[in-house]
Amino acid sequence: MEKKEFEKEHQNNFEEEKKELSGKGRVIEESILIGSEALKKAPEVYGVETGIEGLDELFFTVEVKGKKVVKKPLGGIPAYSVFNLTGVSDTGKSLMVEQFTVFQANKGKKVAFITVESPANFVIASLKLRAAALGIDFDKIQDNIILIDAASNSVLRENLPDLLSTLAYVIKNYNVKFTVIDSVTGLYENKEMMARAVVRRLFNFMKKWYQTALFISQKRSGHEELTAEAAGGYAVSHIVDGSMVLAKELIDSAYKAKTYGKEVGEIVRLFRIDGCRMSGHDTKTRFLEITETGLVKIGEPISKK
Ligand SMILES: Nc1ncnc2c1ncn2[C@@H]1O[C@H](COP(=O)(O)OP(=O)(O)OP(=O)(O)O)[C@@H](O)[C@H]1O
Ligand SMILES: [Mg+2]
């Protein structure tokens, strides 16, 4: 139906709405998609390997075969998904995204790494260590990693349009498929009421450019462990496709020692996938291990039941 006709037809019945239509409100036609049109644009979801031991097996899709529903492993995080990795300090978030970056770079893929916390020269040194731990020759893969140093540049950190234009330039020029941001929290420092707006823009950008993306968000220790009150409770987890929550706990009682099968005084690291819109996923709380060489491994569920 023509826009004009529509307005005419509703003139009498919806006086209020008509005011909106002829006034400041407009019909945004390009945002109206019938199902089949929308489906044409839907990307096929497949698994993107992370290089993190124990993680890729935790995602699956379901297929209907006859009358049976069968689980089919994805073998990685869903392609084109945007994940939020959250947890307090020292839980292994940076190690995880560095491992992912090096792993994909080693497969010949280009990864954009936006560093907001630590200057690029420190991040690259850390990435080199991750590569060594994975037995990867860093010299061969280093140029597959494109760093955007928002840690050293306050314009990039404080002006989102500039950051997004820089990232778009990088994606186009280097044919980037994966984007990592460590951390999004640094992009709304001192303006935390903007958290959702900032993350929403980043999320929409990743979707537009078909990026599979990992965003780190920092969590305050006051917030309950292992829940995705992500980015310190700013509801970031509602915007992204899924969250991974990292936690650590000091074994300070005989009860905890028994629960986790550890000694009093030890630290136990925990991991959980807290929702994923784009595929099925494991929902158990699992042990997370950081090896001496700084590699993250996802282990067994804490409860075998
Ligand atoms: N070889 C290693 N290299 C780096 N970190 C290691 C290594 N071995 C063990 N670790 C542990 O991993 C932790 C680093 O985790 P990571 O830097 O990923 O934390 P994070 O969750 O990103 O914290 P933050 O929010 O402060 O950035 C170290 O503090 C240390 O306890
Ligand atoms: Mg970190």
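# A tour from helix H4 outward

Select helix H4 first: 13 of its 14 residues are buried, so most of the helix is covered. The model you have open is a predicted one. H4 runs over residues 93-106. Look at its two ends: their C-alpha atoms are 20 Å apart, which agrees with the 20 Å that 14 residues should span at 1.5 Å a residue. While the helix is on screen, recall a general point: an α-helix has 3.6 residues a turn, so residues three or four places apart point the same way. Then step past the end of H4 to Gly 108, where phi is positive, near 85°.

**The ligand**

Keep H4 selected and add ligand 1. With three residues, H4 gives the most to the shell around this ligand. The shell holds 13 residues, and those that come nearest are Ser 89, Lys 93, Ser 94, Leu 95 and Gly 294. Colour the shell by residue type: eight residues are polar, three are charged and two are nonpolar.

**The whole chain**

Zoom out before going on. The chain has twelve helices and 14 strands. Buried residues make up 35% of its 305 residues. Among contacts with a separation of 6 or more, 66% are between residues 24 or more positions apart.

**The sheet of nine strands**

Show the strands as a cartoon and find the open sheet with the order E7-E6-E8-E9-E5-E10-E11-E13-E14, in which the pairing is mixed. Its edge strands are E7 (145-149) and E14 (296-301), and each of these pairs on one side only. On average, neighbouring strands of this sheet are turned by 25° against each other, direction ignored. As a general rule, strands of a sheet pair through backbone hydrogen bonds, either parallel or antiparallel.

Go to the E7 end. E6 and E7 run parallel and are joined by five bridges. To see a pair of facing residues, select Thr 115, which stands opposite Asp 149 in E7. Helix H8 (residues 160-174) packs on the sheet here, touching E6, E7 and E8. The direction of H8 makes about 165° with that of E7.

**Pro 119**

Now follow the chain out of strand E6 (111-115) toward helix H5 (120-133); Pro 119 lies in the loop between them. Is Pro 119 exposed or partly exposed? It has 14 C-beta neighbours inside 10 Å and therefore counts as partly exposed, since the exposed class stops at 12. Leaving aside residues up to four places away in sequence, Pro 119 touches Asp 149, Ala 151 and Ser 152. Asp 149 is the residue that Thr 115 stands opposite. Draw a distance from Pro 119 to Ile 148 as well: they are 29 residues apart along the chain, and their C-alpha atoms are separated by 9.4 Å.

**Three places with unusual backbone angles**

Most residues other than glycine have a negative phi, and most peptide bonds are trans. The next stops depart from that.

- Select Asp 182 and Ser 183: a cis peptide bond joins them, with omega about 0°. Ser 183 is found in the loop between strand E8 (178-182) and helix H9 (195-208).
- Move along to Asn 190, which lies in the loop between E8 and H9. Asn 190 is not a glycine, yet its phi is positive, about 65°. With 6 C-beta neighbours inside 10 Å, Asn 190 counts as exposed.
- Go on to Tyr 210, in the loop between H9 and strand E9 (212-218). Phi of Tyr 210 is also positive, near 50°. Tyr 210 has 11 C-beta neighbours inside 10 Å and so counts as exposed.

**The sheet of three strands**

For the last stop, select E2, E3 and E12. These strands form an open sheet in the order E3-E2-E12, and the pairing is antiparallel. The edge strands are E3 (68-73) and E12 (280-281), each pairing on one side only.

Which residues does Phe 60 pair with on its two sides? In E12, its bridge partner is Gly 280; in E3, it is Pro 73. Beside it, Phe 59 stands opposite His 281 in E12. In total, two bridges join E2 (residues 59-65) to E12, and six join E2 to E3.

Finish at the turn. E2 and E3 form a hairpin with two residues between them, and Gly 66 in that turn has a positive phi of about 65°.

Notes:
Residues are numbered from 1 along each chain as its sequence is written. Chains are lettered from A and ligands numbered from 1 in the order in which they are written. This is a predicted model: local features need pLDDT of at least 70, side-chain atom pairs count only at pLDDT 80 or more; totals for chains, interfaces and linings use all residues. Helices (H or I, at least four residues) and strands (E, at least two) are DSSP runs, numbered from the N terminus. A residue is buried if 20 or more other C-beta atoms lie within 10 Å of its own, exposed if 12 or fewer, and partly exposed in between; C-beta atoms are placed from the backbone. Two residues are in contact if their C-beta atoms, placed from the backbone, lie within 7 Å. A residue is near a molecule or strand if its C-beta atom, placed from the backbone, lies within 6 Å of it. Ala, Val, Leu, Ile, Met, Phe, Trp, Tyr, Cys and Pro count as nonpolar, Asp, Glu, Lys and Arg as charged, and the others, Gly among them, as polar. The expected span of a helix is 1.5 Å times one less than its number of residues. Two strands pair if DSSP finds at least two bridges between them. Axes are lines fitted to C-alpha atoms, for helices over the stretch in contact, and angles run from 0 to 180 degrees between N-to-C directions.
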